[in-house]
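Grab your viewer and work through a few exercises on strands, cysteines and rings. Try each task yourself before reading its solution.

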Amino acid sequence: MSSLEKVVIFGTGSIGEVVYWYLTKNGHYEVVGFAADREYVNRKELFRLPTIPFEEVEKVYPPTEYKMLIAVSYRDMNKIRAQKFWEAKKKGYQFITYVDARAIVWDNVKIGENCFIFEANVIQPFVKIGNDVIIWSGNHIGHHTTIGDHCFIASHAVVCGHVTIDPYCFIGVNSTIREGVRVAKGSLIGAGALIVKDTEEGGVYGGHPATLLRKLSNDELRDLT
């Protein structure tokens, strides 16, 4: 009998496809199918695996036998991914966390549920990573840094030591966050930005050094809990 963990991927877009490719090449997982909200199920199969409406996924893949991974982008400040994370949890699903074997992750790093850490990341000792976090390839996460739930870190960011990144943040490509800085909840750090001081909640930052470009609207900030 196979000892592979059986996984349903929520998400049939490009990130779902990328996640499928990594999991199938890893050797520890068996992807059995895909799920999406009913209105987005526009094909019966993906990679010759069934696509199931999320509204009835537990009937086909019961949570007592299958785990899930929510493969959704940072859209809407990660709120969509977070919403599906909580909905799947209410259905009784447990989640896998994938850490690529080509990442350097020290053994005392703490990582939550439904995280996906790509190759070539360096994650130093005493780092804490919350639930539902995606860290794309090639980042440096410095020692004693804390990353909150529902964050997305794009490629080639440098996060120095003792940084705190609150939930629902997006850290853009090639950005740098200075040691000891707090990135407040719902912050959007643009590509190439240099963050040298604490950010404001819901702030959009760009530049070198970065400045506050605008604040997210009340609608954009809603449900960042």
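Two strands pair if DSSP finds at least two bridges between them; strands (E, at least two residues) and helices (H or I, at least four) are DSSP runs, numbered from the N terminus. Heads up: this is a predicted model, where local features need pLDDT of at least 70 and side-chain atom pairs count only at pLDDT 80 or more, while totals for chains, interfaces and linings use all residues. Residues are numbered from 1 along each chain as its sequence is written, and side-chain values use heavy atoms, with hydrogens and water left out.

**Exercise 1.** Work out the strand order of the open five-stranded sheet, and say which strands are at its edges.

Solution.
- Reading across, the order is E3-E4-E2-E1-E5, and the pairing is mixed.
- Strand E3 (45-46) and strand E5 (67-70) each pair on one side only, which makes them the edge strands.
- E3 runs antiparallel to strand E4 (residues 49-53), and two bridges join them.
- Within that pairing, Glu 45 sits opposite Pro 50 of E4.

**Exercise 2.** Find what helices H1 and H3 pack against.

Solution.
- Take contact as heavy atoms within 4.5 Å. Axes are lines fitted to C-alpha atoms, for helices over the stretch in contact, and angles between N-to-C directions run from 0 to 180 degrees.
- Helix H1 (residues 14-26) packs on the sheet and touches strand E1 (5-10), strand E2 (29-36), E3, E4 and E5. Its direction makes about 165° with that of E2.
- Helix H3 (residues 79-90) lies across E1 and E5, at about 165° to E5.

**Exercise 3.** Count the disulfides, then check Cys 115 and Cys 160.

Solution.
- With a disulfide defined as a pair of cysteine sulfur atoms within 2.5 Å, the count is zero.
- Cys 115 is in no disulfide: the nearest cysteine sulfur belongs to Cys 151, 9.8 Å away.
- Why is Cys 160 unbonded? Its sulfur is 16 Å from the closest cysteine sulfur, in Cys 169, and that is too far for a bond.
- For accessibility, buried means under 20% relative accessible area, exposed over 50%, and partly exposed in between (1.4 Å probe, protein chains only). Cys 115 is buried at 1%, whereas Cys 160 is partly exposed at 24%.

**Exercise 4.** Classify the ring pair of Trp 136 and Phe 152, and place it in the chain.

Solution.
- Rings of Phe, Tyr and Trp (its six-membered ring) pair if their centres lie within 6.5 Å; planes under 30 degrees apart are stacked, over 60 edge-to-face, and the rest tilted.
- The whole structure has 18 aromatic pairs.
- Trp 136 and Phe 152 are 5.9 Å apart centre to centre with 25° between the planes, so the pair is stacked.
- Trp 136 is in the loop between strand E12 (134-135) and strand E13 (140-141), while Phe 152 is in strand E15 (residues 152-153), 16 residues apart.
- Trp 136 is partly exposed at 23%; Phe 152 is buried at 4%.
- Both belong to a cluster linked by ring pairs that includes Tyr 22, Tyr 98 and Phe 170.

**Exercise 5.** Describe the surroundings of strand E23 (residues 203-207).

Solution.
- Four of the five residues in E23 are buried.
- Strand E21 (residues 188-189) pairs with E23 in the parallel sense over two bridges, and Leu 188 has Val 204 as its bridge partner.
- Strand E24 (residues 210-215) runs antiparallel to E23, joined by five bridges; here Gly 207 faces Ala 210.
- E23 and E24 form a hairpin with two residues between them.
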